[in-house]
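Subject: Structure handover

Hello,

Here is the structure for you to look through. Please open it beside this email and follow along.

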Amino acid sequence: MTLRSAQPGPVASPSSAQELLADLEMPRIHDAWGEVPAGDESGESFPVDDVMQRRVEKAQFKGTSEAGGRGRYHISTMGCQMNKADSERMAGVLEAAGWRPAPDADSADVCVVNTCSIRDLSEQKVYSWAGRQAKRKRDDPSGVKIVVAGCVAQQTGETLLRRMPEVDLVMGPQHVHRLAELLNQVELGSQVCATGELAIPEDITVPRRESDISAWVNVIYGCNENCSYCIVPSVRGREQSRKAADIVREVQGLGDAGYKEVTLLGQNIDAYGRDLPGYAADGSGRKEWTFTDLLRAVHDASDIPRLRFATSHPRYFSPRLIRACAELDRVCEYFHIPFQAGDDEVLRRMRRGYTADKYRRIVGDLRDAMPDCSISADAIVGFPGETEAQFEGTLRLVEELELDTVYTAAFSPRPGTEAAGWTGPGDQVADLIKADRLQRLNDAVKASAEKASRRSLARAYEEVLVEGPNPADPAQAFGRTRGNRLLYFPGDGVALRGSIVRVKTNDARAFSLTGALLAP
Ligand code: SF4
C-alpha cells in the first residue's frame, strides 16, 4: 500500500474551554450538553459520552438493517459536541455515497473513530480502539477499512499511519466533507493522510442527525484565539464562518422537518463573521455579519421553538448580543460563557483577553436584561504558577456569581501548547494541590448550582422540551428547561417526546429538577 498525502496544506485550530474541560482527567461536575441519566449528580467520570455514543449508534443503525451497495460503516465518537456534530456530517457523507450503518464497529466494513485530543487519555484510547480493528484486518486483509478522524488524527498525521500500518485513512476535522472521496482513494490501494489546512466548503451533504428533536448546526469552524493551554488552534484551524444565507437555509430546513430545537455551534461563536467580507451599512465599523445579526436572521427566518448557541467567549459577548437575546423570544435564556479563572494575572497568562471584572459585568448585564437566565461556565484550577490566593479568586467568583453550573478541570499540560513548556521551578502546581483545589471548587459549584436550581421552585412553571421516558424510571418523562436543566416528571415520555410542556417544579437538586405536569 502506498502512503498518500491528501493535504491541501498544514493546519491549526482551537478548542473551547468546554472541550478542554470535557477532558482533563480530574472529575468534573457534569456536561453542559450531554444527557445525564436520572439521578446522576455525582459529577464523577463521564457517563455522558457513553450514553450519547449509544444514542448515536442506535440512531445510525435505526431502520437500516440492510447493507447498502457499498457496505456498512460505524462511527465511534470521542469528545465534545463539535465532534459529535462532525460525526453526524460524516454519517451524512457516507450515506450519500451508498454506505449504510452497522450496529457496531466489529460488524462494519468501514470503522471510523472521531477523536479528541483534549483528554489526556484520548490518544491511548485511539490506539487501543484501532488495535482491535487492526487485528480484524490482519485476520482478513480484504475486510475492514480503518479511519482515524478528528483532533488526534490532525495532530499525529502520518506518524499514526506509520505506527499503525493497518490504518487506512487519517483525516483532520477540516476534511470531514471529503470522507467519501478519501475512501475512494483508499479503495484504490492508498494509505491516505488528509491533515492539510483547508477552506471548508459549504456542505451539500445533509448530516445524519442523531436526534429528530434537537439539531446542532455549525456556524463557525476553528478559533483565532491563542489561549496558552489550548491545543485546539493547532488542530481545528483558523476561524471560518459559514455564510449567513447557508446557515439560515439549513435552519429553515430543520424547521420544515419538524425539529424543535437548534443549537448553533462554534468554538467561539460570538466571534462569528469577523472573517467574512463587508461592513455594516450604518457606518458603525462593524462587520456586515456579526453573531448578533446571524441570530436575528435565524430567529426571523424559522419558527423553530427553541434556539440555543455555544460556546461564547467573554471577549466577544457584546451588549448588542445581550439585547438581541432578550428581544428574541425563541432564543433560550441559557448562556455558556467560560471564565476559566477568577484572577487577572492567571487570565493574562492564559491569554484569555479579559479580566474577572469584565466577566462580572457580562453576567450582571445578562441578569439585568433576562433576570431568569441561566449561565454556565468552565474553569481550570492549578494553572502553572497559580497561587493559593489566585485560586481563591476563582473560588470567590463562583460563590459570588451563583452560576447554574461550572465545568471544572485541573490543568493538565497538552504537548505543543505554550503552557506545557512552563517547566521552571514553581511553574507546575503539584497534583495533590490541584486535586485539593478541584475538590474545593467542585463543592462551591455544587452549592451554587443548588441555589440556581432552587430558583426554579419560585417560578410558576418551567417550559420543558420532552426528550422521552426517564431511562431509570419509565413512569417518568424527562426533558430540558429553557435554562438547560434536566427536569423529570410523572408522565408518558413516549407519547410526550418532542412536545413542549409546562411543568411545575416541586423538588430541586443541584443539577436536576423534578416536578408535575400542568394542564396545557
Ligand atoms: S478560545 Fe482559547 S480555549 Fe477556546 S478554543 Fe480558542 S484557544 Fe482554545
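**A residue in a loop: I269**

Leaving aside its neighbours within four places in sequence, I269 touches V219, I220, L264, F291, F309, A310, T311 and S312. Keep in mind that this is a predicted model. I269 sits in the loop between β10 (261-266) and α9. Is I269 buried or exposed? It counts as buried, because I269 has 26 C-beta neighbours inside 10 Å, and the cut-off for burial is 20 or more. Look at V219 as well. V219 and I269 are 50 residues apart along the chain, yet their C-alpha atoms are separated by 7.5 Å.

**The whole chain**

Now step back. The protein chain has 520 residues, and 51% of them count as buried. It holds 15 helices and 19 strands. Take the contacts between residues at least 6 apart in sequence: 73% of these join residues at least 24 apart.

**Helices α9 and α10**

Start with helix α9, residues 291-301. Its buried residues include F291, T292, L294, L295, V298 and H299. Where do they lie around the axis? They cover an arc of only 160°, so they are on the same side of α9. A general rule helps here. An α-helix has 3.6 residues a turn, so residues three or four places apart point the same way. F291 of this helix is also one of the contacts of I269.

What covers the buried residues of α9? The cover includes two strands, β8 (214-221) and β11 (306-310). It also includes two helices, α8 (244-256) and α10 (319-327).

Move on to α10. Its buried residues are L321, I322, A324 and C325. They too lie on the same side of their helix, because their arc around the axis is only 160°. On the other side of α10, P319 and E327 are exposed. The cover over the buried residues of α10 includes α9 and α12 (356-369).

**The open sheet**

Next, find the open sheet of 3 strands. Their order is β12-β13-β14, and the pairing is parallel. Which strands are at the edges? They are β12 (334-336) and β14 (405-410), and each pairs on one side only. Neighbouring strands in this sheet are turned by 15° against each other on average, direction ignored.

Here is how the strands join:

- β12 and strand β13 (residues 374-381) run parallel and are joined by 3 bridges. Y334 has S374 in β13 as its bridge partner.
- β13 and β14 also pair in the parallel sense, over 6 bridges. Opposite V381 stands A410 in β14.

A word of background: strands of a sheet pair through backbone hydrogen bonds, either parallel or antiparallel.

Now look closely at β14. How many of its 6 residues are buried? The count is 6 of the 6, so β14 is largely enclosed by the rest of the structure. Both of its faces are covered. T405, Y407 and A409 are buried on one side, and V406, T408 and A410 are buried on the other. That fits a general pattern: in a regular strand the side chains alternate between the two faces of the sheet.

**Helices α13 and α14**

Helix α14 lies across β13 and β14. It runs at about 175° to β14.

Helix α14 (residues 431-455) also meets helix α13 (residues 388-401). Their axes come within 9 Å and cross at roughly 10°. The two helices are therefore roughly parallel to each other. Which residues of α13 and α14 meet? From α13 they are F391, T394, L395, V398 and E399. From α14 they are R437, R440, L441, A444, V445 and S448. By class, this contact has 6 nonpolar, 2 polar and 3 charged residues.

**The barrel**

Last, go to the closed barrel. It has 5 strands, which run β15-β16-β17-β19-β18, with mixed pairing. From one strand to the next, the twist averages 50°. Strand β15 (residues 462-470) and strand β16 (residues 473-481) run antiparallel, joined by 6 bridges. One pair to find on screen is G468 with its bridge partner F478 in β16.

Best wishes

Terms used
Residues numbered from 1 in each chain as written. Predicted model: local features only at pLDDT ≥ 70, side-chain atom pairs only at ≥ 80, totals over all residues. Axes fitted to C-alpha atoms, helices over the stretch in contact; angles between N-to-C directions. Helix = DSSP H or I, 4+ residues; strand = E, 2+ residues; numbered from the N terminus. Parallel < 35°, antiparallel > 145°, perpendicular 65-115°, else oblique. Contact = placed C-beta atoms within 7 Å. Nonpolar A, V, L, I, M, F, W, Y, C, P; charged D, E, K, R; others polar. Pairing = 2+ DSSP bridges. Buried ≥ 20, exposed ≤ 12 C-beta atoms within 10 Å, placed from the backbone. Arc of directions from axis to C-beta.
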